[in-house]
Each structure stands twice: as structure tokens, then as C-alpha cells.
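Here is a set of questions about how certain structural labels are earned. Each answer sets a computed value beside the criterion it has to meet.

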Amino acid sequence: MKILIATDIHGSAYYAEQVALKLKQNNCEQLILLGDVYNHGPRNPFPKDYAPAQVAEIFNAIADKVISVKGNCDSEVDQMISDFPFVEQHIMTLGERRLYFTHGHVYSKFNLPQTAKQGDVVFYGHFHINEITQNDGVICVNVGSTSLPKDECHAYCILDDDVIRLCDFNDNVIAEHTLD
């Protein structure tokens, strides 16, 4: 299964369109949003083309492919305008490994889910920095931020069977990890 993972869009219609385009260009079957979809948050500047209602329209048009994890800037009203679910966290299995999808304000490389074991993967955002690291054998993928990166690299992630790729919107691979 090919999955596109994006996070911290913070209401940017421009980057929501870019995510939808990359979903189509990469022939992904699913889009997992790791939170902070519509709201920019009080500590963040307004992102490019800030238009939360338009972001909802973009993702509602592909709602059958979207799952969104709640972030620290998401609220109950976000679910009310969305045709796709907002969940606390999303867990999938890939063979013997668990894949955890979370925002990052609770679980991240700094605080792994209690049930995570060696070889599992935790995907998160929140920190707005792209990286693939390991903690106690758990692969930690910080997808960064689609619209407001701290490292100046607007990014998304592709999970293609056993390959994880962090990419910028020019299709350059920032980091890659093959699951063995």
C-alpha cells in the first residue's frame, strides 16, 4: 500500500493543494494527515494562502482517502466541517511491525507509545523539522511541516510498502529509510 503522510498544514490552501496534487501524482491509496490541519495556532505566523475553509474543501473532495490525527491546534469544530475522521492516533500493521501515526505533541522520538517495540515506526509532526531517527530500535519519522517548516524545507512523506521517503515539493528526497 502506498500512503502519503503530511502534517502541520495550518490552514494553508496553497499547501493543501500541493498535498492533494502529490497524492495523485504518486498514485497513493491513502492520505494520513498528522494534525494541525486548519488552524495556524497562536504562536505561528499565518502560512501562505491561509484559508481554512478552502483547505476543508480540498480535503473533503478526497475524503474517501483521508484520515486525520488530531493535533494540538485542532478542535471539535474541525470535525464538523470535515467529511473525513479526526482520530486521536492511527495504528496500522505492516507484517510484524506496528505503524503509529500521531501528531507529536504527546508521542514522538522523545516519548514513544508504551506498546512500541523494536522495528515499529512512529510517524509524527508538531516540531516542524524533517528527520528519520531511531530510539530504542523504534524508527521515528518526523514529517516536519508542510506549510511552516523550521528548517525551511516544506515536506511530506511517502510510505511505499517497506520504503519511507521524506520529500520536498520539488520531489527531492530529504531522507529515506528501508524497513528490513
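Q: In this predicted model, which residue of β11 does I158 stand opposite, and what makes β10 and β11 a pair?
A: I158 stands opposite R165 in β11. Strands count as paired when DSSP finds at least two bridges between them, and β10 and β11 (residues 163-168) are joined in the antiparallel sense over six bridges, so the criterion of at least two is met.

Q: What makes β4 and β12 edge strands?
A: The order of the open sheet of seven strands is β4-β3-β2-β1-β10-β11-β12, and its pairing is mixed. Both β4 and β12 (173-178) have a single partner strand, so each has one side without a neighbour in the sheet.

Q: How do you know that β3 is paired with β2 and with β4?
A: The requirement is at least two bridges. Strand β2 (residues 30-33) pairs with β3 in the parallel sense over three bridges, with V66 of β3 as the bridge partner of L31. Between β3 and β4 (residues 86-87) there are two bridges, again for a parallel pair, and here V69 stands opposite V87 of β4.

Q: Why are both faces of β3 called covered?
A: Buried means under 20% relative accessible area. In β3 (residues 66-69), V66 and S68 on one side are buried, and so are I67 and V69 on the other. The chain reaches β3 from β2 by way of helix α2 (residues 52-60), in a β-α-β crossover that is right-handed.

Q: How do you know whether the span of helix α1 agrees with its number of residues?
A: Helix α1 (residues 13-25) has 13 residues, which at 1.5 Å a residue should span 18 Å, and its end C-alpha atoms are 18 Å apart, so the two values agree. The helix is followed by N27, whose phi is positive, near 55°.

Q: Which elements do the buried residues of α1 pack against, and where does the helix lie?
A: The buried residues of α1, among them A13, Y15, V19 and L23, pack against β1 (2-6), β2, α2 and β10 (155-160). The helix lies across β1, β2 and β10, and runs at about 165° to β1.

Q: How do you know that C28 is in no disulfide?
A: A disulfide needs two cysteine sulfur atoms within 2.5 Å, whereas the nearest cysteine sulfur to C28, that of C157, is 9.8 Å away. For C153, also in no disulfide, the nearest is that of C167, at 9.4 Å. The structure accordingly holds zero disulfides.

Q: Why are C28 and C153 called buried?
A: The cut-off is under 20% relative accessible area. C28 has 3% and is therefore buried, and C153, at 18%, also counts as buried.

Q: Why is Y50 called partly exposed, and where is Y50 found?
A: Partly exposed residues fall between the buried cut-off, under 20%, and the exposed one, over 50%; Y50 has a relative accessible area of 30%, so the term applies. Y50 is found in the loop between β2 and α2, where, leaving aside residues up to four places away in sequence, Y50 touches H10, G11, S12, Y38, N39 and H40. From Q30, Y50 is 20 residues away in sequence and 24 Å away in space, C-alpha to C-alpha.

Notes:
Residues are numbered from 1 along each chain as its sequence is written. This is a predicted model: local features need pLDDT of at least 70, side-chain atom pairs count only at pLDDT 80 or more; totals for chains, interfaces and linings use all residues. Side-chain values use heavy atoms; hydrogens and water are left out. Buried means under 20% relative accessible area, exposed over 50%, partly exposed in between (1.4 Å probe, protein chains only). Helices (H or I, at least four residues) and strands (E, at least two) are DSSP runs, numbered from the N terminus. A crossover is right-handed if, with the strands pointing away from the viewer, the path from the first strand over the helix to the second runs clockwise. The expected span of a helix is 1.5 Å times one less than its number of residues. Contact means heavy atoms within 4.5 Å. Axes are lines fitted to C-alpha atoms, for helices over the stretch in contact, and angles run from 0 to 180 degrees between N-to-C directions.
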